Amino acid sequence: MNSGAGAAGSAEQQEAMKQQVASSLASGITYECGDCAAKVQLRPRDPILCQSCGYRILYKVRTARLQQYEAR
Ligand SMILES: [Zn+2]
């Protein structure tokens, strides 16, 4: 019935999620600075340090896409 449009949308979403995962793996984990709220991407070995202002307290950012995955 709606297999055409449904399949296309679903495949598109999955592709987007793959790209999201791939990009996050490639560039590390995204943190938000506790001082200037800048988004900082750090690899596991990188020191926890805001690359914008040098603040040392960063919060891990959770992507909204994870909730979409649960909703499925
Ligand atoms: Zn900062």
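Trainee: Hi! Which strand is glutamine 41 found in?
Mentor: Glutamine 41 sits in strand β2. Strands here are DSSP runs of E with at least two residues, helices are runs of H or I with at least four residues, and both are numbered from the N terminus. Keep in mind that this is a predicted model, where local features need pLDDT of at least 70, side-chain atom pairs count only at pLDDT 80 or more, and totals for chains, interfaces and linings use all residues. Residues are numbered from 1 along each chain as its sequence is written.

Trainee: Is glutamine 41 buried or exposed?
Mentor: Glutamine 41 is partly exposed, because 15 other C-beta atoms lie within 10 Å. Buried means 20 or more other C-beta atoms within 10 Å of the residue's own, exposed means 12 or fewer, and partly exposed is in between, with C-beta atoms placed from the backbone.

Trainee: And how far apart in space are glutamine 41 and valine 61?
Mentor: Their C-alpha atoms are 9.9 Å apart, while the two residues are 20 apart in sequence.

Trainee: Let's zoom out. What pattern does the protein chain follow?
Mentor: Along the sequence it reads α-β-β-β-α, so to speak a chain with 2 helices and 3 strands. Of its 72 residues, 7% count as buried.

Trainee: In what order do the strands form the sheet?
Mentor: The order is β2-β1-β3, in an open sheet with antiparallel pairing. Since β2 and β3 stand at the edges with a single partner strand each, one side of each is left without a neighbour in the sheet. On average, neighbouring strands of this sheet are turned by 40° against each other, direction ignored; the axes are lines fitted to C-alpha atoms (for helices over the stretch in contact), and angles run from 0 to 180 degrees between N-to-C directions.

Trainee: How many bridges join β1 to β2?
Mentor: There are 4 bridges between β1 (residues 29-33) and β2 (residues 39-42), and glutamate 32 has lysine 39 as its partner in β2. Two strands count as paired if DSSP finds at least two bridges between them. On the β3 side (residues 58-60), 3 bridges join that strand to β1, with leucine 58 as the partner of cysteine 33.

Trainee: What about the loop, where does alanine 37 lie?
Mentor: Alanine 37 lies in the loop between β1 and β2, a hairpin with 5 residues between the strands. Alanine 37 has a positive phi of about 65° although it is not a glycine. It is exposed, with 12 other C-beta atoms within 10 Å.

Trainee: Last one: which residues make up the largest nonpolar core?
Mentor: Tyr31, Cys33, Val40, Cys50 and Leu58. Such a core is a set of buried Ala, Val, Leu, Ile, Met, Phe, Trp, Tyr and Cys residues joined through C-beta atoms within 7 Å.
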